[in-house]
Protein chains: 2
Amino acid sequence: MIDVVIAGLGETVVGEHWDVSLRELAYKAMDLAQQDAGGLRPQALYVGNMLAPIVSGQAHIGTLLADFAGLRGIEAQTVEAGGASGGAALRLGYLAVKSGLLDVVMVVGVEKTTDRISADIEAAITTTMDSDYEAIHGLTSAAQGAMLMRRYMVEFGVPRQAFAGFPLVAHANGVGNPNAMFRRAIKSTLYERAGYISTPLNMFDVAPDADGAAALILTRRELLPTEFTHPLVRIIGSSMVTDSLALHDREDPLDFRSVRLSVERACSQAGLAHSEMDFLELFDLFSIYAALTLEAGGFAERGKGWQLAENRNIALDGAIPISTMGGLKARGNPWGATGIYQAIEAVLQLRGSAGENQIPNARRGMIQCLGGPAATAVTHILELVN
Amino acid sequence: MIDVVIAGLGETVVGEHWDVSLRELAYKAMDLAQQDAGGLRPQALYVGNMLAPIVSGQAHIGTLLADFAGLRGIEAQTVEAGGASGGAALRLGYLAVKSGLLDVVMVVGVEKTTDRISADIEAAITTTMDSDYEAIHGLTSAAQGAMLMRRYMVEFGVPRQAFAGFPLVAHANGVGNPNAMFRRAIKSTLYERAGYISTPLNMFDVAPDADGAAALILTRRELLPTEFTHPLVRIIGSSMVTDSLALHDREDPLDFRSVRLSVERACSQAGLAHSEMDFLELFDLFSIYAALTLEAGGFAERGKGWQLAENRNIALDGAIPISTMGGLKARGNPWGATGIYQAIEAVLQLRGSAGENQIPNARRGMIQCLGGPAATAVTHILELVN
């Protein structure tokens, strides 16, 4: 039985990196991760990326990054699963170490959105939707979120203001994250006054596109010295589940089925219940996604996910803290890198290195990223090794 | 020790499929593979694809194809490594089954180039090169091949005509492959008269871009009944190696280092020498790539790979048959699908189902696909189970 542990991590500040290229940005995180792992050299590189072929005109970036980072000769490939690309790369790294054929694997997530103007980015993002049946009619990712939020409000008789708790908690948590894009707390009056992106979604309901890179080094536990530099964190659950790519193909669009199944499968592998998690890094691309994820994941009853936010049960001192380092909203959303940022933030919590955002005695956390409106869900459970 | 076997396969004709969409094309191969495997249902889908985000405006195709094929709920992701994307997907499928966490995995390669005009395709292909240092100057993939061929001719004092044997054998083999794009043998006089694509590469030195889809079902040997429908083929060697992405970063551009290392590693895993292979499916995107691959792989001395073609040692009845079903040149090159076509052709040879192209008593074969000028090389060794 191979125990997969996270031996190193590195991340850049999330934001707008106009002065560095895609490869330079990724290298910063890769270098930090190797240092953090005491110089462990990976034999393979799995890169999570969503937009580079279109936005930077650069595909084949697994090989590009291995080469640029001085790792020429190792195995390298790029993994894409929409917004879940980072989680998908982590899943592959996990499987690769589990196979016993690779001892040390690096997983990198990188996204460089500032290579183009924002209208181009929006168009690039729609390629992760169903092009023939959704994007062709002009539907965007934000419009999908808006439709889900509207339907939720109607079906459960909930006002728009009910979602305010999600961005409020996220932005409060962003203050304590030195790598977050936004580090200012907001008040509910600001949420009320914010302009709409796609009615009823307002500016604070939508996570910002961003540049960022994050890297992890995975290995087998027995390959590390017993007295390793950091407290060790292992992966005890890993699951990836798909649903229909097009939103209109769902029987019940308010049921994030892939979330439900992937939480169930990851928990079953870990031999734990979802209620045993000390925190949850979820994919709050839109506030409504956070509510639907809490419900599908079993943390709240159907139609009541927003109450966890209103009661501040999702805050750092709440019953189930989410977005502990700011989430997609405040840390920022560097698409293909987001899943790796989530993993790093969970490891920091478990190592006891989360600074002022530390959850006391955190021993287990769940991370989850989504592609589209939960067309893809990737869930991992991380645990502090005793 | 988990024995990974190929339980099913399916492929479409390679060529121009104007009447079907990307998803429909992929589904044909996926459906055939499931039928061939006696209805085995995969738990995961790894899709090798290179151009869909740019050419078809469609990313996130792992989830799209799982959904369209009636496999909603399974794990799915897309893998990209330039021209080696198909091989990369096979490598991941192999690792996933080896991990013991997945019992049945489907690996699909698909490419739909006819969604755009050919000038757009050429531009899309350059994204797999180094965009910042190669593509930006107008270098294309064919120009890379031309530069390598020119340098080879100068360094080893070889005439252009020396490469004729590669397309001659490939097109001769294409005649017997019902799924090949080109099924007519050519004569050396036709090769001599052919127009240039990028001097000194002529039309027959370059493999055609094409549409195609191919799928494999992988599983653990013990999960199949002892009397399975087909003779079983297992994967006994798997290796992926990178080199510099940019050609100008190589110390010796005529040394396909990634090919050398990946052949060595795959052979070492299999416990076999390269000379024990009954055939070799190599990546003859350009005739020069075939020569350099034979040399780096140890099948010919440096500067003498072309002699194997001239002497017809690479023909079906030669010492080391290559491109046994037509190779990239005659079967056609549906980029991200090519690595899976190679695997299927190898399995057909090992099952004894290669029709008029059958190599008598084939028991072991090597397949290899490349991204860029061997910036990435993926090698697998397949063996007939006794």
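This passage looks at a strand in chain B, then at a helix and a loop residue in chain A, in a predicted model.

A good place to begin is strand β4 of chain B, which spans residues 104-111. Of its 8 residues, 8 are buried, so the strand is largely enclosed by the rest of the structure. Its side chains can be followed in two sets: Val104(B), Met106(B), Val108(B) and Val110(B) point one way from β4(B), while Val105(B), Val107(B), Gly109(B) and Glu111(B) point the other way. Both sets are buried, Glu111(B) included.

β4(B) has pairing partners in strands β2 and β7 of chain B. With β2(B), residues 44-48, the pairing is parallel and runs over 5 bridges. With β7(B), residues 212-220, it is antiparallel and runs over 8 bridges. Val107(B) is a handy landmark here: Tyr46(B) stands opposite this valine, and Val107(B) in turn stands opposite Leu216(B) of β7(B).

Turning to chain A, helix α3 covers residues 61-68, and 8 of these 8 residues are buried, so this helix is also largely enclosed by the rest of the structure. The buried residues include Ile61(A), Leu64(A), Leu65(A) and Phe68(A), along with Asp67(A). Just after the helix, Gly70(A) adopts a positive phi of about 75°.

Another glycine of chain A, Gly100(A), lies in the loop between α4 (85-98) and β4 (104-111). Gly100(A) counts as partly exposed because it has 15 C-beta neighbours inside 10 Å, where 20 or more would make a residue buried and 12 or fewer exposed. Although 120 residues separate Gly100(A) from Arg220(A) in sequence, their C-alpha atoms are 8.6 Å apart in space.

Definitions and conventions: Residues are numbered from 1 along each chain as its sequence is written. Chains are lettered from A and ligands numbered from 1 in the order in which they are written. This is a predicted model: local features need pLDDT of at least 70, side-chain atom pairs count only at pLDDT 80 or more; totals for chains, interfaces and linings use all residues. Helices (H or I, at least four residues) and strands (E, at least two) are DSSP runs, numbered from the N terminus. Two strands pair if DSSP finds at least two bridges between them.
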